[in-house]
Amino acid sequence: MAFPILSVIIFTPLVAALILLMMPADRKTEIRMTALVSAAFALILSLWVYLSYDQAAAGYQFIEKYAWLPQFGISLHLGVDGISTPLVLLTGVVMFTGVIISWGIDDRPREFFAFLFILASGVFGVFVALDLFMLFFFYEIAVFPMYLLIAIWGWVKTREYAAMKLTLYLFIGSVVALVGALAMYFNSGLGTFDMLMLETANFSAKFQQIWFLPVFMGFAVLGGIFPFHNWSPDGHVAAPTAVSMFHAGVLMKLGAFAALRVGIMLLPLGAIYWQPLILGLAIVNVVYGAFIAMTQTDLKYMIGFSSVSHMGLVMLGFATLTQDGMIGASVQMFSHGAMTALFFAATGMVYDRAHTRQIPELGGMFKALPYVGVTFIIGGLVSMGMPGFSGFVAEFPIFMGVWRVAPWMAILAVISIVITAAYIMLAVRRTFFGEMPKEFEGHIGPISFMDKFALTLLSTLMIGLGMFPAVMVPMVKTGVEHIMEILKVVK
Amino acid sequence: MNAFTPSMVMAILPEILLLTLVFLVLIFELIWKKEDGRNLGWLTAGGLLLILVVSAFLGKPAEASTVFGGMLRYDALGFIFKMLFIFGAMLTALFMMDSEKLGQRGESYILLLVATIGMNLMATSADLIMLYLAIETTSIPMYILAGFMRDDEKSTEAGLKYLLFGAMASTVMLYGFSLIFGFSGSTALEAITGFSMPLAVGIILLMAAGIGFKISLAPFHFWAPDVYEGAPTPVAGFLSTASKAAGFAVIMRLFIGLFPTGQYAQMWTLTLAILATLTMTVGNLIALRQTNIKRMLAYSSIAHAGYALVGAVSLSELGVGSVTFYLIAYVLTNLAAFGIIAAFSRIAGSDEISAYAGMSRRSPGLALAMLVAFLSLTGMPPFGGFVAKVFVFAAAVEANMIWLAVVGVLNSIIGVYYYLTVLKVVYLHRMEGENEEAHPIPLTRPYAIALTILSAGILLVGVIFGPWFNAASAAATGLF
């Protein structure tokens with residue numbers, strides 16, 4: 001049997017979390033080193049999966065299957081396809097950079113890293129699970145540590161409120177989807193939770209129409225879909241930097257990914273039936289999110305709403321049910337993940353030094369923190385969808401897909417790019433250029449080498465993907481083609 | 001019929017051993033000095049562990065049979081519940097050891113053991129008279145244990161209240177039994193048949209009310225919060241877990257045994273489904289407003305009885321299996337929760353939720369155990385509570401009671417709020433004006449052992465759930 005790389009990826013953070021919890025609380029340096037080493041290990045493994053994914057063969061690879069509860073049809077069935085492979089890599093990257101950025105956490109770092117790793121383990125699990133039960137299992141594991149991470153290490157003013165709000169929203173979404181999953185299990189008559197088998201279940205059109213909405217929306221809550229997006233900016237703002245990175249960088253992808261995998265792929269007729277509604281909600285996300293982002297004065301709120309807008313593009317791409325749209329949406333998940341992680345990391349560095357995130361109170365940061373400024377601008381260019389950056393590679397196909405379905409919607413969506421450009425440039429100008437307020441003079445220290453390393457890693461990914469789309473797009477295409485086949489069969 | 005067979009001994013092997021242990025405790029209480037009273041706890045817990053191991057290997061029925069002239073069933077359902085009760089009693093004995101006044105005295109351990117014998121018989125009774133006697137054998141020691149701290153007003157109140165409500169419940173149930181007997185001329189569950197319409201309704205309602213009191217279903221739940229709050233914490237833990245599980249064993253035997261199919265089956269499942277809805281909702285909503293952690297857990301355990309009932313009314317093998325699995329996970333989880341509270345209030349001297357501020361700094365280990373227990377109560381993976389909830393809801397969906405699954409799901413969302421609120425106090429809030437590190441919460445050895453076993457158990461049931469679920473569904477085979 002081949003090396004069970006996917007289960008090793010899932011269990012590396014989990015085992016690391018257990019080891020961390022057993023270490024003495026006052027050995028802070030050792031705790032950080034353990035965290036870093038295990039995050040690096042997970043990153044290397046996920047990079048290995050990415051590089052050795054065989055695009056010619058396509059389909060699900062690195063498959064592992066262990067019976068867990070055979071009489072109920074539950075198995076630990078793992079595998080990655082063209083869509084989930086980039087997301088596994090993204091999780092590895094965000095986990096690694098997240099540990100680097102959190103180096104300075106001094107309040108109970110042992111518990112912090114342990115909870116963060118449990119979260120990471122759940123995220124890896126969802127991306128590689130091919131069993132519906134296990135998908136839920138990992139999904140919930142990814143949700144609950146968020147509560148503690150935000151409530152304990154978050155921003156004092158709003159953390160209790162935001163953490164509870166986030167947990168309740170996500171929990172409601174997931175349990176609603178769970179009922180749908182159970183209905184699928186019993187209705188299929190196959191007696192299995194295996195998603196590859198459920199894909200062939202041929203649910204009746206009526207059944208799909210009824211259950212698509214609870215399942216898709218239940219997961220899409222985590223993807224920040226309108227009108228259930230409200231928890232997300234609050235959560236971003238209240239969370240500590242690394243958790244914001246995780247939250248916007250990978251956790252929201254979890255929702256979109258699960259909505260695709262369980263909603264669209266298992267209930268394709270339902271997806272076709274409800275397509276107009278999903279398109280409509282997604283376009284509201286895109287445009288409304290951009291407008292709200294423009295009115296924000298808090299840098300983190302601005303990025304939070306910009307995430308809502310960009311995740312709307314992901315939903316929009318999926319909802320087109322076209323090849324272009326889905327490829328774009330899948331690449332956008334990666335691109336946006338790296339971009340927001342970078343944004344939040346940069347914002348965190350500014351905040352740690354200036355102790356404010358209010359855009360009007362900031363200024364002239366470029367002189368003191370040139371490295372942060374440059375990478376923030378790179379993130380901004382990605383966000384605006386500039387050619388040469390990953391945002392373009394992602395957004396252009398999405399608009400092509402939308403154009404095929406509803407041209408007027410594409411126009412509406414493109415407007416949002418203009419707004420995005422406006423608020424990003426305004427924020428960059430006010431934060432990094434102009435006069436530095438007097439009280440900051442001499443207080444803004446340089447960032448560490450490790451911080452620079454994290455920022456560089458994230459920027460490189462975005463520029464690399466923008467310059468050489470071929471490193472990811474063909475891989476994603478193999479995954480999307482499979483969905484296209486499913487849709488073609490039911491049509 | 002009266003011929004002696006070895007399976008008769010095997011059927012009551014755990015009870016014989018338990019009774020032996022009772023005498024051992026009695027004898028050693030006389031031999032040992034009064035200051036060494038705490039050692040009786042080690043004796044009880046160790047003895048129970050031995051009984052657990054011996055019965056698990058020897059007492060397992062090969063096939064279901066009825067023994068002792070139709071008084072007892074010897075089947076998988078009874079077996080798995082017996083193991084659960086003995087396990088629960090073992091951990092309760094450990095928790096009792098360092099409980100003030102409870103731990104030094106032989107009586108408390110003896111009462112615990114006798115109650116366990118009663119529960120074992122409850123889970124195996126095949127005859128109404130036997131069942132009634134078993135219920136009383138369980139209840140009477142529990143009344144005394146609830147009121148054990150004579151100098152404490154709340155404890156005596158708890159004991160008296162429990163006695164009065166319990167006696168009333170027994171009476172109501174007896175009315176139901178007498179109707180059954182008057183009807184069919186038999187008290188043996190297997191022989192009872194041929195109901196007619198209006199009387200069957202009466203029987204179902206009377207029995208539902210009687211057992212409803214015992215497992216604190218709404219609207220028969222009023223005694224529970226007061227009794228849990230007043231009773232010594234380890235006793236409250238035992239009441240809310242093993243005692244409740246015994247009630248569920250009776251529900252499954254009695255209702256499924258008497259009305260397995262047909263219109264009466266529909267009638268009782270609907271009755272209990274309504275009670276389950278009410279129980280979950282009332283329990284969770286009132287738990288939201290509690291400031292005392294024991295009262296909060298009392299309401300939470302009311303809500304959990306509702307979730308477990310969801311599986312029972314599905315009236316299927318999956319349903320019975322899921323209830324049994326739910327109870328396994330629940331007994332582990334709730335015992336842990338009460339154990340933690342007992343360990344904490346022993347040092348901190350308070351059961352108010354606000355007193356838990358700064359606990360994660362005072363004792364990171366105990367806080368972690370609390371995290372595990374409360375997240376399992378919430379129904380979060382990888383802990384037992386998650387899988388258990390999924391199974392009972394799955395049973396409801398399979399039985400085409402999607403509405404009931406939805407009610408359960410909505411209720412578990414309410415649960416998230418109040419469980420997380422407690423964790424928030426534990427992990428986030430600070431003691432006012434104090435340095436937490438100066439107020440550690442030392443754990444005595446019995447607590448440390450018991451909580452380690454329970455936390456590991458919660459994780460084990462939640463991750464490697466296959467074998468446990470198989471054992472639980474084996475329980476269903478004897479009923480259908």
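Here are four short exercises, with worked solutions, on a predicted model of two protein chains, A and B.

**Exercise 1. How many residues does each chain give to the contact, and how much area is buried between chain A and chain B?**

Start with the residue lists: chain A contributes 37 residues and chain B contributes 42 residues. Next, take the area: the two chains bury about 3,500 Å² between them, with 83% of it on carbon and sulfur atoms. Within chain A, the residues losing the most area to chain B are Phe137(A), Phe144(A) and Phe171(A), together 16% of what that side buries.

**Exercise 2. Which polar links cross the interface, and which elements of chain A supply its side?**

Begin with charges: the interface holds one salt bridge. Its partners are Glu160(A) and Lys424(B), whose closest N and O atoms are 3.0 Å apart. Then look at polar contacts, of which six residue pairs are found across the interface, both residues at pLDDT 80 or more. Now turn to the elements: β1, α4, α5 and α6 of chain A each supply at least two residues to the side touching chain B. Of these, α6(A) gives the most, with 14 residues. Finally, sort that side by class, which gives 28 nonpolar, two polar and seven charged residues.

**Exercise 3. Describe helix α12 of chain A, from its start to the residue that follows.**

First, its length: α12(A) covers residues 299-319, and its 21 residues reach 30 Å from first C-alpha to last, close to the 30 Å expected. Second, its surroundings: 20 of the 21 residues are buried. Third, its ends. At the start, a side-chain oxygen of Asp298(A) comes to within 2.8 Å of the backbone nitrogen of Lys300(A). After the helix comes Leu321(A), with a positive phi near 55 degrees.

**Exercise 4. Which parts of chain B do the salt bridges of Arg253(B) and Asp226(B) tie together?**

Take Arg253(B) first: Asp75(B) is its partner, with the closest N and O atoms 2.8 Å apart. Arg253(B) sits in helix α10 and Asp75(B) in the loop between β2 and α4 of chain B, so the pair links parts 178 residues apart in sequence. Are these two residues buried or exposed? Both Arg253(B) and Asp75(B) are buried.

Now move to Asp226(B), which pairs with Lys161(B) at 2.5 Å between the closest N and O atoms. Because Asp226(B) lies in α9 and Lys161(B) in α7 of chain B, this pair joins parts 65 residues apart in sequence. Asp226(B) is partly exposed, at 23% relative accessible area, and Lys161(B) also counts as partly exposed, at 23%. Through shared partners, salt bridges join Lys154(B), Glu157(B), Lys161(B), Asp226(B), Glu229(B) and Arg295(B) into one network.

Conventions
Residues are numbered from 1 along each chain as its sequence is written. Chains are lettered from A and ligands numbered from 1 in the order in which they are written. This is a predicted model: local features need pLDDT of at least 70, side-chain atom pairs count only at pLDDT 80 or more; totals for chains, interfaces and linings use all residues. Side-chain values use heavy atoms; hydrogens and water are left out. Contact means heavy atoms within 4.5 Å. Buried area is the accessible area (1.4 Å probe) that two parts lose on being put together, summed over both. A salt bridge is a side-chain nitrogen of Lys or Arg within 4 Å of a carboxyl oxygen of Asp or Glu. A polar contact is a pair of N or O atoms within 3.5 Å; within protein, one must be able to donate a hydrogen and the other to accept it, and residues adjacent in sequence count only if both atoms are side-chain atoms. Helices (H or I, at least four residues) and strands (E, at least two) are DSSP runs, numbered from the N terminus. Ala, Val, Leu, Ile, Met, Phe, Trp, Tyr, Cys and Pro count as nonpolar, Asp, Glu, Lys and Arg as charged, and the others, Gly among them, as polar. The expected span of a helix is 1.5 Å times one less than its number of residues. Buried means under 20% relative accessible area, exposed over 50%, partly exposed in between (1.4 Å probe, protein chains only).
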